[in-house]
Amino acid sequence: MGKIYLVDVTNRDGVQTAKLGLSKLAKTMINLYLNEMGVYQSEFGFPTTKHESRYLRANLKLAEMGVLDRIRLGGWIRATAGDVEKTFELVPGIKHLNLSTSTSDQMIEGKYRGRMNREDVLDMSLEAIDAARSYGAESVAFNAEDASRTDIDTLVRFACLAKEHGASRIRYCDTLGYENPFSIYETCKTLAKEGGMPVELHCHGDLGMAVANSVGGAMGVIDGGQDAYINTTINGIGERAGNADLVAVILALRKSKGIAEKYTCEIKVDLSTAWKICRYASYAFGVPLAINQPGVGANAFAHASGIHADGVLKDARNYELYSHDEVGRGGLETVETGREICSGEYGGISGFQHIMGQIEVDFSDRNDAEEVLELVRYANVLAQKPLVADELRFIAQHPDVAQELLTLSPTD
Ligand SMILES: [Zn+2]
C-alpha cells in the first residue's frame with residue numbers, strides 16, 4: 001500500500017506569486033520551520049536564477065551541517081539540458097530536481113506556436129532527465145505542466161519514458177485548477193497504475209478545490225498502487241488563487257471521514273508547529289491570515305451563537321473537529337503596547353544588544369556583537385521590516401551561512 005508524502009512548494013510557487021515575495025533569509029526560515037515540522041521535502045527555489053544561487057548553496061550547507069537534518073531540498077527548473085547544465089554550474093551540490101515541461105496540446109501549440117510539437121517536447125524532456133542523471137542528481141521528478149488538460153494516453157507514455165530514463169516520479173500539475181476530486185482520483189489512479197511510478201499532485205485553487213483535489217488525487221494514486229506526493233504551500237499562497245494549503249491538507253488527511261483509516265502519511269508531521277509557521281509566513285509575505293482559514297484563522301475556534309457556545313462549553317467535540325492545541329494554539333502571547341526597540345537597516349549596537357538580550361542571545365565580546373549586527377542590518381535591507389526573534393537567533397547562530405545567503409551581487 002502506497003503512502004503519502006508532503007512536498008512544500010512555498011519557496012517556489014509561493015514566491016513566484018504576483019505582488020508577493022520573500023527575502024532569502026525568510027526562505028531559509030521557511031525551510032527550517034518545514035524541517036522542524038517534519039515535511040518530507042521543500043522545493044527550495046530556482047537553481048538557474050542567479051540571485052538564488054548563494055541562498056541555495058547556503059541552504060545545502062545547512063543540510064550538510066545537520067541543521068536541516070531531515071528535509072530534502074529540491075530545485076525547480078525547465079526540462080532542458082541547458083537548464084540542467086546551468087543548475088550544476090551555479091549550485092553544484094544540488095541533489096534533487098523537478099524538471100518542468102508543458103504536456104497539453106493547448107500549451108504546446110499555444111506556447112511554441114509550431115516551433116515544437118509533442119514529440120519534440122518529449123525528446124527535450126528526456127534529454128534533460130538524462131543530463132540531470134549524468135550530473136549526479138539523486139532524484140529527478142518529471143513535471144507535467146497542465147497535466148489535467150493533457151490526454152491520459154500521452155501522460156502515461158511520458159511517464160513510462162521518463163521512468164526508463166531515470167525519473168523517479170511524475171508531477172501531475174493541475175496548473176489551472178481545472179480538476180475536481182472525482183476526476184483527479186480517476187486520472188491519477190490510471191496514471192499511477194499504467195505509468196508505474198509515484199505521482200505528485202500539484203493543485204491550484206482557481207475553483208476553490210486545491211485541497212480536495214490534492215487529497216482525491218492522492219487517494220487515486222495510492223489505489224493505483226503507488227506512493228503519492230502532495231504539493232502544498234503555507235497559507236495556500238501561490239500563483240493566482242493559490243495552491244493547496246499545507247495545514248488544511250494535513251488536517252484533511254487526518255480528520256476527514258474515513259481517510260486516515262485507509263491512507264497513511266509516511267512521515268509523522270508535527271502539526272503543533274502549524275501556528276508558528278503560518279504566522280511567520282503571514283508576516284514574511286505581508287499577507288494576513290484569513291479569519292476563516294482552517295486551523296489558524298482567528299475564527300477557527302471561536303464561537304458566539306448561543307447554541308454553539310453552549311454546546312462547545314459542554315463538550316468541545318460538539319462543534320470542533322479538532323482541538324486548538326493540535327495546531328499549536330492556546331498559549332498566551334505577549335504583545336508590546338508601549339516602547340519598542342526594533343531591528344533595522346540603520347540600527348546601532350546599543351539597540352541591537354537590548355533586542356538580543358530580550359531573546360537571551362549572548363555574545364562573547366563587543367566585536368562579536370558588532371559582526372552579527374552588521375549582518376542583521378543587511379537582512380533588514382532585504383526584508384524592509386523588523387526581524388523576528390527566530391531570524392535574529394539564526395543569524396547569531398550561523399553568521400557564516402547568513403552572510404552567504406544575504407549576499408546579492410548582480411556583477412558575479
Ligand atoms: Zn503551481
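These legends go with close-up views of a predicted model.

**View 1. Eight strands close up into a barrel.**
Start at β1 and count your way round: the 8 strands follow the order β1-β2-β3-β4-β5-β6-β7-β8, and their pairing is parallel. On average, neighbouring strands of this sheet are turned by 25° against each other, if you ignore direction. As a reminder, strands of a sheet pair through backbone hydrogen bonds, either parallel or antiparallel.

**View 2. Strands β5 and β6 pair up, with helix α7 packed on the sheet.**
Here we zoom in on one stretch of the barrel. Strand β5 covers residues 139–145 and strand β6 covers residues 169–174, and the two pair in the parallel sense over 4 bridges. Want a spot to look for? Find Ala141, which stands opposite Arg169 in β6. Helix α7, made of residues 152–164, touches both β5 and β6 as it packs on the sheet. The direction of α7 makes about 165° with that of β5.

**View 3. The protein chain is divided into two domains, domain 1 and domain 2.**
Domain 1 spans 4–275, while domain 2 spans 349–405. Between their C-alpha centres there are 34 Å. Where they meet, domain 1 puts in 12 residues and domain 2 puts in 9 residues.

**View 4. A look at the side of domain 1 that touches domain 2.**
Which elements give two or more residues to this side? They are α2 (24–37) and α3 (53–64). Of the elements here, α3 gives the most, with 6 residues. Sorted by class, this side of domain 1 has 6 nonpolar, 2 polar and 4 charged residues.

Terms used:
Residues are numbered from 1 along each chain as its sequence is written. This is a predicted model: local features need pLDDT of at least 70, side-chain atom pairs count only at pLDDT 80 or more; totals for chains, interfaces and linings use all residues. Two strands pair if DSSP finds at least two bridges between them. Axes are lines fitted to C-alpha atoms, for helices over the stretch in contact, and angles run from 0 to 180 degrees between N-to-C directions. Two residues are in contact if their C-beta atoms, placed from the backbone, lie within 7 Å. Domain bounds come from an automatic or database domain assignment. Ala, Val, Leu, Ile, Met, Phe, Trp, Tyr, Cys and Pro count as nonpolar, Asp, Glu, Lys and Arg as charged, and the others, Gly among them, as polar.
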